[in-house]
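Here are some short exercises to work through with the model open beside you. Try each task before you read its solution.

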Amino acid sequence: MARYLVTGGCGFIGSHLVERLLAAGHEAFVLDDLSTGKRANLPDSVPVTVGTVADPAVVETAMAGMDGCFHLAAVASVDRSREAWLETHHANLSGTIAVFDAARRANPRGPIPVVYASSAAVYGDNPNMPLREDAATRPLSAYGADKLGCELHARVADGVHGVPTTGFRFFNVYGPRQDPKSPYSGVISIFAGRIAKGQPITINGDGEQVRDFVYVKDLVRCLTAAMDAPRAGAPVFNVCTGVPTTVNRLAEVLASLSGRALERTYGPARAGDIRLSIGDPSNLRAAFDVTCDTSLEDGLRDTLAWL
Ligand code: NAD
Ligand code: UD2
């Protein structure tokens, strides 16, 4: 049994991770500023420090005595990173450096490992599908640039300060507890929420854009496997399925699973929308013997059941 700090643990992905850690018999502690996360996403028994990862003193205190840290706290929104460039930078990059820095001193036995969230946003509009981890990174947003910055500072954490790190480039994650009401919500939570209520959806552009949708419970298996695995050299892995799904097909599957007629209108393409985003999961599988293999249908069934 180990003691883990989960930053962003009250959020969508973090709350699933905490659930998995508790089920495995570990102790989970959460640091979250509740900006998008909710206390109610976690059992009452989980200790939550309400504060920001951008404050090094808060992070230092929250991390004292831990055996490892899962760092998921971030302003997880490209739009928000455009509106509030410097503010999101403080949370997304300075906050990550604060986490790596505190990991140096958290435990008298030595630096503790940090498993952290990067994003497929680091690839930007690289057209070489499926995207491998060695593909060129050319982020198109402050959000993507800061996630790439996290990966660079992870190398510093490892090479200069002896803090072992593993980074994960999440593709499009979905599942229960992804807030359909948030203006920054992903397409699945928006469509699922509306279709289940018999409301129309708007497809941006022709709907033939492709995404690699990852079910959240598969993703958290990758995170816990990485915490337990030996690592060297601040590795970074895609978390993806390698399976392409168009936005049109997604809408059709959701309508069919909800037993509703699909009412869709086609609007203008979203400015800067990426046409293709598919990851190569080979390195993930080879390193941790995990696959994100929940079918879209099964994952969507779970998501709809939660609504
Ligand atoms: P989320 O918004 O549900 O979770 C983020 C959590 O971090 C929330 O609980 C929020 O309150 C908290 N938080 C935000 N700023 C904070 C700060 N300064 N200090 C402390 N807590 C703070 O989003 P999510 O989808 O669960 O994202 C988790 C991680 O995964 C993020 O790092 C995000 O960038 C990354 N990610 C998510 C996706 C996706 O498809 N959902 C894709 C790529 C990467
Ligand atoms: C995701 C991430 C983003 C960044 C990026 C990296 C989310 C919410 N966003 O953006 O943070 O990491 O990947 O590449 O996870 N769509 C519609 N109708 C709607 C909503 C969306 O057609 O009502 C389309 C949208 O135009 C896009 C697709 O659905 O083509 C997926 O949109 P998204 O916002 O869920 O995710 P994405 O890939 O743009």
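**Exercise 1.** In this predicted model, find which backbone and side-chain atoms make polar contacts with oxygen atoms of ligand 2.

*Solution.* Start with Asn-204: one of its backbone N or O atoms lies 2.8 Å from an oxygen atom of ligand 2. Next, turn to Asp-273, where a polar side-chain atom sits 2.6 Å from an oxygen atom of the ligand. Then look at Ser-119, whose side chain has an N or O atom 3.1 Å from an oxygen atom of ligand 2. Finally, consider the cover: on its own, ligand 2 has 730 Å² of accessible area, and the protein covers 85% of it.

**Exercise 2.** Describe the shell of residues around ligand 2 by its nearest members, its elements and its classes.

*Solution.* The shell holds 20 residues, and those that come nearest are Val-187, Asn-204, Arg-211, Arg-270 and Asp-273. Now sort by element: helix H6 (187–196) and strand S8 (201–204) are the elements that give two or more residues to this shell. Last, sort by class, which gives 10 nonpolar, 7 polar and 3 charged residues.

**Exercise 3.** Do the same for ligand 1, and find how much of its area the protein buries.

*Solution.* Begin with the neighbours: 28 residues surround ligand 1, and Phe-12, Asp-32, Thr-36, Tyr-143 and Lys-147 are the closest. Among the polar contacts, a polar side-chain atom of Asp-32 is 2.5 Å from an oxygen atom of ligand 1. Gly-11 takes part through its backbone, with an N or O atom 3.1 Å from an oxygen atom of the ligand. The side chain of Thr-52 places an N or O atom 3.0 Å from a nitrogen atom of ligand 1. For the area, ligand 1 taken alone exposes 830 Å², of which the protein buries 91%. Two or more residues of the shell come from each of H1, S5, helix H5 (142–159) and strand S7 (172–174), and S5 gives the most, with 3 residues. By class, you should count 15 nonpolar, 10 polar and 3 charged residues.

**Exercise 4.** Decide whether Asn-41 is buried or exposed, and find what its side chain reaches.

*Solution.* First locate Asn-41 in the loop between S2 and strand S3 (48–50). Its relative accessibility is 17%, so Asn-41 counts as buried, given that the cut-off is under 20%. Then follow the side chain of Asn-41, which reaches the backbone oxygen of Cys-10 at 2.8 Å. Leaving out residues up to four places away in sequence, Asn-41 touches Cys-10, Gly-11, Ser-15 and Arg-177.

**Exercise 5.** Trace the largest nonpolar core and say which element supplies its largest share.

*Solution.* This core has 43 residues, and Ile-13, Phe-70, Phe-168, Phe-170, Leu-219 and Leu-223 have the most contacts inside it. Elements that each supply at least two residues include strand S1 (3–7), helix H1 (12–23), strand S6 (165–170) and helix H9 (282–288). The largest share, 7 residues, comes from H7. To see one member at work, take Phe-168: beyond its neighbours within four places in sequence, its contacts include Val-115, Ser-119, Leu-223, Phe-237 and Phe-288. Apart from this core lies another, of 26 residues, with Phe-29, Met-63, Cys-150 and Ala-234 among them.

Definitions and conventions: Residues are numbered from 1 along each chain as its sequence is written. Chains are lettered from A and ligands numbered from 1 in the order in which they are written. This is a predicted model: local features need pLDDT of at least 70, side-chain atom pairs count only at pLDDT 80 or more; totals for chains, interfaces and linings use all residues. Side-chain values use heavy atoms; hydrogens and water are left out. A nonpolar core is a set of buried Ala, Val, Leu, Ile, Met, Phe, Trp, Tyr and Cys residues joined through side-chain atoms within 4.5 Å. Buried means under 20% relative accessible area, exposed over 50%, partly exposed in between (1.4 Å probe, protein chains only). Helices (H or I, at least four residues) and strands (E, at least two) are DSSP runs, numbered from the N terminus. Contact means heavy atoms within 4.5 Å. A residue is near a molecule or strand if one of its heavy atoms lies within 4 Å of it. A polar contact is a pair of N or O atoms within 3.5 Å; within protein, one must be able to donate a hydrogen and the other to accept it, and residues adjacent in sequence count only if both atoms are side-chain atoms. Accessible areas come from the Shrake-Rupley method with a 1.4 Å probe; for residues, only the protein chains shown count as cover. Ala, Val, Leu, Ile, Met, Phe, Trp, Tyr, Cys and Pro count as nonpolar, Asp, Glu, Lys and Arg as charged, and the others, Gly among them, as polar.
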